[in-house]
Amino acid sequence: MTAGTEVAVALAGTGAVVGEAGPADAVGGVAPACVAYPGTVEQAAGVVRAAASLGMTVVPRGSGRTVSWGLPPARCDVVADMTRMNRILEHAAGDLVVRAEAGVTLGQLGEVLAEKGQRLALEGPAAATVGGVVATGAAGPLRLRYGTPRDLLIGITVVRPDGRVAHSGGKVVKNVAGYDIGKLFAGSLGTLGLITEVTFRLHPLAALTAYVTREYDNAAAAAGAVLAAAASPLQASAAEIDRPGPGAPVRAGILLEGNASGVGERAERTAAVLGPGAQISLAAPHWWARRGEGMGAGTAAGTLIRVSFWATELRQVLDAIDMVAVDTGVAPAVGGSGGAGVLYVTLDAGADADQVAMFIRALRAATGHGGAEDPGVLARGSVVVLTTPRAVRSSVDMWGPVPGLALMRAVKRQFDPGNTMSPGRFAGGI
Ligand SMILES: Cc1cc2nc3c(=O)[nH]c(=O)nc-3n(C[C@H](O)[C@H](O)[C@H](O)COP(=O)(O)OP(=O)(O)OC[C@H]3O[C@@H](n4cnc5c(N)ncnc54)[C@H](O)[C@@H]3O)c2cc1C
């Protein structure tokens with residue numbers, strides 16, 4: 001019996017559906033032996049336990065949109081596809097809380113919550129699963145007001161790499177001693193275990209939303225306006241920036257939410273902050289929440305870089321991106337939550353790999369993400385490559401220097417001494 005057949009037989013014994021893996025199941029170019037589709041927490045636990053007992057590795061998958069983000073796994077024997085675990089288990093509307101299986105999509109959840117006038121305050125793609133959203137830690141424009149998935153997560157159930165089930169928060173409290181597992185698993189890219197259920201804090205749907213937008217011919221003016229609006233008492237829910245290419249006008253957009261009369265007045269006052277030419281609209285501008293569209297396919301799709309910084313340094317970051325783009329001869333598009341200190345930089349798949357690698361290194365140097373020897377223009381910043389073609393990946397460090405790496409290694413060792421879960425995906429090969 002081949003190793004692939006042996007693991008498929010062992011997994012089938014757990015009650016999970018098991019399928020042969022095809023080329024589309026590869027993760028970052030690493031092909032698994034099979035794909036398991038658990039339908040319950042017990043089956044999910046069985047899958048991880050069976051794989052671990054055979055010395056096989058497991059890579060979790062939600063919708064698969066961004067499963068190849070991060071480093072390719074050092075090994076990928078079993079893909080644990082969570083899409084059969086797609087039940088909304090409890091919507092306690094009175095408590096503004098929902099508990100859902102990890103394979104529930106944002107679209108599915110949104111529809112159910114909307115019936116009760118509620119929402120999960122994350123503007124993600126409808127196809128993304130809640131488990132995947134927590135595992136990637138990705139957040140859209142609403143992060144300015146509501147934070148990231150880890151801020152909205154109040155409970156989680158996970159299968160640990162040894163196959164044991166652990167709960168944290170929510171209604172059942174049975175924590176792994178000393179750890180807040182929800183916070184640990186948020187952004188963990190499947191390296192610590194399999195998320196099977198999540199409990200989120202909800203918010204009421206806004207009765208009315210308005211977008212106040214303006215184009216500026218320079219980054220300084222746009223950054224100043226976005227930061228002024230974000231810091232004002234106008235209670236912006238989002239403060240976004242978009243620049244389609246170097247030298248192009250910089251767009252600023254502020255989202256306001258609330259009741260009809262309040263939003264109208266706040267929109268007028270926000271327009272005054274953005275200055276002459278600001279427009280108020282009930283619909284989002286076409287560039288809203290554009291974060292590396294088409295980058296979900298991974299290595300074939302180009303380069304997506306997340307730049308995080310103190311929001312007050314927005315102008316310097318935009319200037320640094322421009323300067324480095326000119327120096328290295330690439331043409332990045334930039335967009336994101338400028339008012340919350342997160343921008344996404346995208347480069348076309350056709351961009352020259354050497355130039356892209358130079359751009360990434362130079363941007364790290366210019367934003368201070370090189371450590372003390374290389375302080376750059378900013379006191380603090382991080383430039384993380386979420387996805388990039390293989391030719392670039394082989395010559396740059398996707399994560400760059402990561403503070404607290406030793407601690408992260410220790411946590412991984414404690415959770416996953418056998419290196420069962422998504423080995424090698426995270427910073428420092430964790
Ligand atoms: C507000 C917001 C805006 C976004 N905008 C965009 C965009 O414009 N373009 C874009 O491409 N993406 C965008 N994303 C990210 C994107 O949608 C991710 O694909 C999504 O968040 C991940 O869900 P998924 O089901 O696709 O997970 P996958 O892509 O299948 O997996 C992503 C990662 O999570 C891990 N994972 C998945 N499920 C689990 C689980 N149950 N337990 C443990 N680990 C797991 C995987 O191993 C992998 O490392 C956005 C996300 C948010 C929240």
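**Exercise 1. A loop residue with an unusual angle**

Task: Find the loop that holds Gln235, and state the sign of its phi.

Solution.
Step 1. Gln235 sits in the loop between helix H8 (219-231) and strand E13 (238-243). Helices (H or I, at least four residues) and strands (E, at least two) are DSSP runs, numbered from the N terminus.
Step 2. This is a predicted model, in which local features need pLDDT of at least 70, side-chain atom pairs count only at pLDDT 80 or more, and totals for chains, interfaces and linings use all residues. Residues are numbered from 1 along each chain as its sequence is written, and side-chain values use heavy atoms, with hydrogens and water left out.
Step 3. Gln235 is not a glycine, yet its phi is positive, about 55 degrees. Most residues other than glycine have a negative phi.
Step 4. Gln235 counts as partly exposed because its relative accessibility is 47%. The cut-offs: buried means under 20% relative accessible area, exposed over 50%, partly exposed in between (1.4 Å probe, protein chains only).

**Exercise 2. The segment after H13**

Task: Is Asp416 buried or exposed? Which residues does Asp416 touch?

Solution.
Step 1. Asp416 is placed in the segment after helix H13 (405-415).
Step 2. Its relative accessibility is 2%, so Asp416 counts as buried.
Step 3. Not counting residues up to four places away in sequence, Asp416 touches Pro161, Thr191 and Met421. Contact means heavy atoms within 4.5 Å.
Step 4. Now look at Met421. Its backbone nitrogen lies 2.8 Å from a polar atom of the Asp416 side chain.
Step 5. Asn419 lies in the segment after H13 too. Asn419 has a positive phi of about 55 degrees although it is not a glycine. At 38% relative accessibility, Asn419 is partly exposed.

**Exercise 3. Two helices and their buried sides**

Task: Which residues of H13 are buried, and which residues of H3 are buried?

Solution.
Step 1. In H13, the buried residues are Leu405, Val411, Lys412 and Phe415. They fall within an arc of 120 degrees seen down the axis, so they line one face of H13. The arc is that of the directions from the helix axis to the C-beta atoms.
Step 2. The face of H13 turned away from the buried side carries the exposed residues Ala406, Leu407 and Arg413.
Step 3. The buried residues of H13 pack against helix H7 (181-185).
Step 4. Helix H3 (residues 106-114) has Leu106, Leu109 and Leu113 as its buried residues. They cover an arc of only 65 degrees around the axis, which puts them on the same side of H3.
Step 5. A helix rule helps here. An α-helix has 3.6 residues a turn, so residues three or four places apart point the same way.
Step 6. The cover over the buried residues of H3 includes strand E5 (88-92), strand E6 (97-101), strand E7 (118-119) and helix H4 (130-136).

**Exercise 4. The nonpolar cores**

Task: Which members of the largest nonpolar core touch the most other members?

Solution.
Step 1. A nonpolar core is a set of buried Ala, Val, Leu, Ile, Met, Phe, Trp, Tyr and Cys residues joined through side-chain atoms within 4.5 Å.
Step 2. The largest core has 59 residues, and Val78, Leu120, Ile156, Ile195 and Phe200 touch the most other members. Helix H2 (residues 41-53) gives the most to this core, with seven residues.
Step 3. Apart from it lies another core, of 58 residues, including Trp69, Ala267, Leu347 and Leu386.
Step 4. Follow Ile195. Beyond its neighbours within four places in sequence, its contacts include Met82, Ala102, Ile156 and Phe185.
Step 5. Thr196 is found in strand E10 (residues 194-201). Thr196 is buried, with a relative accessible area of 0%.

**Exercise 5. Around the ligand**

Task: Which element gives the most residues to the shell around the ligand?

Solution.
Step 1. There are 33 residues around the ligand, and Pro60, Ser63, Gly64, Thr66 and Thr129 come nearest. A residue is near a molecule if one of its heavy atoms lies within 4 Å of it.
Step 2. Strand E3 (58-61), H4 and E10 each supply at least two residues of the shell. H4 gives the most, with five residues.
Step 3. Check the backbone. An N or O atom of the Gly62 backbone lies 2.7 Å from a ligand oxygen. For Gly64, a backbone N or O atom is also 2.7 Å from an oxygen atom of the ligand. A backbone N or O atom of Ile195 lies 2.9 Å from a nitrogen atom of the ligand.
Step 4. Taken alone, the ligand exposes 950 Å², and the protein buries 98% of that. Accessible areas come from the Shrake-Rupley method with a 1.4 Å probe.

Terms used
A polar contact is a pair of N or O atoms within 3.5 Å; within protein, one must be able to donate a hydrogen and the other to accept it, and residues adjacent in sequence count only if both atoms are side-chain atoms.
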